[in-house]
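Me: I'm new to this one, so could you walk me through it?

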Amino acid sequence: MSRRSWALLLVLCGTIFLEGADVAMLGVAVPTIRADLGLGTGTAAWVMSGYVLGYAGFTLLGGRAADLLGRRRMFLLWLTVFVAFSGLGGLATDGWMLVAARFVTGVAAAFMTPAALSLITTSYPQGPARTRALMIYAGANAAGFSLGLVTGGLLTALGWRWVFFAPVLFAVVLLAAALWLVPVDPPRPPRGTGSFDVFGAVTAAGAMLLTAYGVVRFEHGFHGWPLTVAVLAVGALSAVVFVRVERRAARPLVRLGIFRRAAMVRADLGALLFVGSFFGFQFVLTLYLQELRGWSTLRTAFALIAMGVDALLAPTLTPVLVRRFGTARVVLGGFVLATLSYGLALRIGSDWSYAAMFPGLLMTGIAFAFVFGPLTVAATDGVDSSEQGLVGGLLTTCVQFGSAIGISSVTAVYGLAGGDARLGAFRWALTVPLGMALVGLALALYGVHRSRPPKAPSAGAPAPRDERLAAPA
């Protein structure tokens, strides 16, 4: 790749690094913010949940908007919004101001991230160049989260408002570089030939927001379950309305035929399961170290940084393995490692040494390197450039719902098992990421089966009609 291509990739990867670091740093800082602003438990939880709600609720719309309204336009606009509301979060003096700022920041990420991903998949030709770019993108995502844990601890020690101001400084540099490097959008079609599906956009956002809110409410367990069920039911009804709207729309927001791409659907589901298990595992382990073992925030962050090995392996080792063994087998290997890691974690005790934890943490990081990047390649491979924003939005939606389901589910199980820093409750909570990893492992095995090339026909037998039916993972 040319120097300009590398520079563009660094800017686009910088945005996903920024998003991951932003979430990780805030997760570390919430207890301090709660104490300083005098927030109640519910408001403190919504500082995190508000971001997830905005992100998960609008990612599908954000991905399609990049295709229809221009990738550069959407990327620059929503990166600017991200910068502005991150800064406003640092100026908040009350809980509602902070929650509102985090919600809008999540919405900005929902438009910015799919636009960045689609810029990568349309700026680099399909094949080794795009695969390498996507692996670096996956590594940047992992690095942002891993380094964000440590950085968040250090910045919180200086003052929690720096957790918001530091990303602003980084994002301003990215924005300045993006104005120069991001390619200009192609001319838009004449007015009337590319009308926007407004009703589809409204029903899609409604369905995603309601479903995300219902998922976030899982963390309450059986408390308030009628409301949780009602929200999910209305969300499902909104999804049905959305499908009916899209079937009748002349230019639908989401072409429903895209879901016939079995490889894409498997990749999206695999990402949901893996990310859900990963974040659920990390959340339980953080609670275990801080609540049961009494570790400080900074000590916990340094302990978990072992999982950041994926930032090194994703752009270096993973592309080599994909070229040699294929996407499906590398993903399978990642799910095997994740399953082993979560299974080993069930042995945790009240005096579990870091030496005993380290192999599992390392396997989890390696698993991320083997799964996330290849699944991104599989989800976007072979899709027309006019729908790259859509498939990027679908993948990011699954990632966000996966993280919400993973964290909410382990929280609910932990509470139902007794909570209060009980060892048995931590063990029960760890069965959630293990279960998600096992389902993902089964899906990956099916992907390997589907990716096998057809057997050579025997002499005199007719050749297969289309060998492309051996879909990639």
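What follows is a chat about a predicted model, taken one question at a time.

Me: Let's begin with aromatic rings. How are the rings of F274 and F278 arranged: stacked, tilted or edge-to-face?
Reply: A pair of aromatic rings is described by the distance of the centres and the angle of the planes. For F274 and F278 the centres are 6.4 Å apart and the planes meet at 25°. Planes under 30 degrees apart fall in one class, so this pair is stacked.

Me: Which helix holds both F274 and F278?
Reply: The two residues are four residues apart, about one turn of the helix. An α-helix has 3.6 residues a turn, so residues three or four places apart point the same way. F274 and F278 are both buried, too. Their helix is α9 (residues 262–292).

Me: Which residues form one aromatic cluster with F274 and F278?
Reply: By the pairing rule, the model has 18 aromatic pairs. F274 and F278 belong to one aromatic cluster, and the other members are F145, F279, F335, F368 and F372.

Me: Charges can sit over rings as well. How far is the charged end of R4 from the ring centre of W180?
Reply: A charge has to be within 6 Å of the ring centre to count. R299 does that with W295, lying over its face at 3.9 Å from the ring centre. The charged end of R4 sits over the ring of W180, and the distance to the centre is 5.2 Å.

Me: On to helices. How many residues of α4 are buried?
Reply: Helix α4 (residues 95–123) has 29 residues, which at 1.5 Å a residue should span 42 Å. Its end C-alpha atoms are 41 Å apart, which agrees. The helix is largely enclosed by the rest of the structure, because the buried count is 22 of the 29 residues.

Me: And what about α15, how far apart are its end C-alpha atoms?
Reply: α15 covers residues 388–416, and 23 of its 29 residues are buried, so the rest of the structure largely encloses it. After α15 comes G418, whose phi is positive, near 120°. At 1.5 Å a residue, the expected span of α15 is 42 Å, and the distance between its end C-alpha atoms agrees: 42 Å.

Me: How do α12 and α13 pack: parallel, antiparallel, perpendicular or oblique?
Reply: Two packed helices are described by the angle between their axes and the distance between the axes. Helix α12 (residues 317–325) and helix α13 (residues 327–345) have axes 7 Å apart, at an angle of about 125°. That makes α12, relative to α13, oblique.

Me: Which residues of α13 make the contact with α12?
Reply: On the α12 side, the contact is made by T318, L321, V322 and F325. On the α13 side, the partners are T327, R329 and V330.

Me: Is P374 buried or exposed?
Reply: P374 lies in helix α14 (residues 354–380). Leaving aside neighbours within four places in sequence, P374 is in contact with M135, T318, V322, T327, V330, V331 and A369. Its relative accessible area is 0%, and under 20% is the cut-off that matters here, so P374 is buried.

Me: How far apart in space are A207 and A239?
Reply: A207 is in helix α7 (residues 198–216) and is buried, with a relative accessible area of 2%. Not counting residues up to four places away in sequence, A207 touches G235, S238 and A239. A207 and A239 are 32 residues apart in sequence, but C-alpha to C-alpha the distance is 5.2 Å.

Me: Which residues does T228 contact beyond its neighbours within four places in sequence?
Reply: T228 is in helix α8 (residues 225–248). With a relative accessible area of 7%, T228 is buried. Its contacts beyond those neighbours are G214, R217 and F218.

Me: One last spot: which residues does G148 contact, leaving aside neighbours within four places in sequence?
Reply: G148 sits in helix α5 (residues 128–158) and, at 1% relative accessibility, counts as buried. Its C-alpha atom is 8.8 Å from that of V28, which is 120 residues away along the chain. The contacts of G148 are A21, A24, M25 and A143.

Note on methods: Residues are numbered from 1 along each chain as its sequence is written. This is a predicted model: local features need pLDDT of at least 70, side-chain atom pairs count only at pLDDT 80 or more; totals for chains, interfaces and linings use all residues. Side-chain values use heavy atoms; hydrogens and water are left out. Rings of Phe, Tyr and Trp (its six-membered ring) pair if their centres lie within 6.5 Å; planes under 30 degrees apart count as stacked, over 60 as edge-to-face and the rest as tilted. Buried means under 20% relative accessible area, exposed over 50%, partly exposed in between (1.4 Å probe, protein chains only). A charge sits over a ring if NZ of Lys or CZ of Arg is within 6 Å of the ring centre and within 35 degrees of the ring normal. The expected span of a helix is 1.5 Å times one less than its number of residues. Axes are lines fitted to C-alpha atoms, for helices over the stretch in contact, and angles run from 0 to 180 degrees between N-to-C directions. Angles under 35 degrees count as roughly parallel, over 145 as roughly antiparallel, 65 to 115 as roughly perpendicular and the rest as oblique. Contact means heavy atoms within 4.5 Å.
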